[in-house]
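Biologist: I'm new to this structure and would like a close look at just one part of it. Please pick a part, tell me how it sits among its neighbours, and explain your terms as you go.

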Amino acid sequence: MDPNTVKSTLSNLAFGNVMAAAARDYQKELLAQEKSQTSNSNNEEVDLDELMDDPELEKLHADRIAALKKEAEKREAMKRQGHGEYREITEGDFLGEVTRSEKVICHFYHHEFYRCKIMDKHLKTLAPKHLDTKFIKLDAENAPFFVTKLGIKTLPCVILFRKGIATDRLVGFQDLGGKDDFSTRTLEILLTKKGFISEKKDEEEDEYDESRRKVVRSSTNIDSDSD
């Protein structure tokens with residue numbers, strides 16, 4: 001046999017063996033990757049199962065449920081005390097109402113005063129949004145003792161009570177721009193600054209734009225002496 005032919009044949013056989021070996025190595029690598037992916041997937045499933053049975057996670061879940069339940073009970077207790085709505089009370093109810101809650105906003109009003117009606121509207125809007133604070137109103141004509149005791153001379157007068165003690169007040173609209181067309185948001189911001197309500201960031205703000213309508217004033221003197 002020609003030596004060159006033998007050499008060529010051996011070379012071709014060697015190349016074929018190398019390619020076959022490379023193909024086998026490639027197949028082994030693919031199988032190894034598949035096994036690795038399967039193993040990782042199984043590990044993830046095991047880790048998820050272990051996570052679901054994790055006592056610390058169960059404790060966090062239980063603590064969260066307990067906190068929500070406690071908050072719901074607190075809200076119900078406050079509603080029983082008259083929180084969450086803007087209510088009218090009598091002079092006989094006054095002491096009990098302002099001493100049973102930590103924060104109370106009481107509007108002393110006169111039913112014929114136009115500005116008192118404006119204040120009523122805004123307080124009625126705020127009451128359901130700020131459950132931590134009690135919102136009430138008292139007819140000044142029917143509460144002469146407390147009107148005198150608290151030195152109320154101008155209406156509307158909104159007195160802020162903390163643990164039964166009058167700590168601040170809004171007289172007329174002087175802290176609200178001095179005009180009738182202030183918005184509920186303006187009052188809300190003022191009461192927030194005074195520490196009697198908390199800011200509600202996630203709730204839609206209620207705005208009242210009354211500048212486009214004609215304001216009809218009462219012929220009664222708005223800033224009449226309550227005496």
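**A close look at helix α4**

Modeller: Let's start with the whole: of the protein's 227 residues, 31% count as buried (under 20% relative accessible area; exposed is over 50% and partly exposed lies in between, with a 1.4 Å probe and protein chains only). Keep in mind that this is a predicted model, so local features need a pLDDT of at least 70 and side-chain atom pairs count only at 80 or more, while totals for chains, interfaces and linings use all residues. Residues are numbered from 1 along each chain as its sequence is written, and side-chain values use heavy atoms, leaving out hydrogens and water.

There are six helices and five strands, and from the N terminus they run α-α-β-α-β-α-β-α-β-β-α. These are DSSP runs numbered from the N terminus: helices are H or I with at least four residues, strands are E with at least two.

The part I'd pick is α4, residues 114-126. Its 13 residues reach 19 Å from first C-alpha to last, close to the 18 Å expected at 1.5 Å a residue (that span is 1.5 Å times one less than the number of residues). Ten of the 13 are buried, so α4 is largely enclosed by the rest of the structure. Among those ten are Tyr114, Arg115, Cys116, Ile118 and Asp120. And what do the buried residues of α4 pack against? They meet β1 (86-89), β2, β3, β4 and α6 (184-193), where contact means heavy atoms within 4.5 Å.

The α6 partner deserves a moment. Two packed helices are described by the angle between their axes and the distance between the axes. Here α4 and α6 pack at about 70°, with axes 10 Å apart. (Axes are lines fitted to C-alpha atoms, for helices over the stretch in contact, and angles run from 0 to 180 degrees between N-to-C directions.) That makes the two helices roughly perpendicular, a label for 65 to 115 degrees; under 35 is roughly parallel, over 145 roughly antiparallel and the rest oblique. The crossing is right-handed, meaning the near helix is turned clockwise from the far one by less than a right angle; anticlockwise would be left-handed.

At the meeting place, α4 brings Met119, His122, Leu123, Thr125 and Leu126, and α6 brings Thr184, Leu187, Glu188 and Leu191. In α6, the buried residues are Thr184, Arg185, Leu187, Glu188, Leu190 and Leu191, and they pack against β2, β4 and β5 (165-171) as well as α4.

Back at the other end of α4, Arg115 has a neighbour from elsewhere in the chain: its C-alpha is 8.0 Å from that of Leu155, though the two are 40 residues apart in sequence. Leu155 sits in the loop between α5 and β4, and at 2% relative accessibility it counts as buried. The peptide bond from Leu155 to Pro156 is cis, with omega near 0°; for context, most peptide bonds are trans.

Leu155 also belongs to the largest nonpolar core, which has 21 residues; Phe94, Phe108, Ile152, Leu155 and Phe161 touch the most other members. Such a core is a set of buried Ala, Val, Leu, Ile, Met, Phe, Trp, Tyr and Cys residues joined through side-chain atoms within 4.5 Å.
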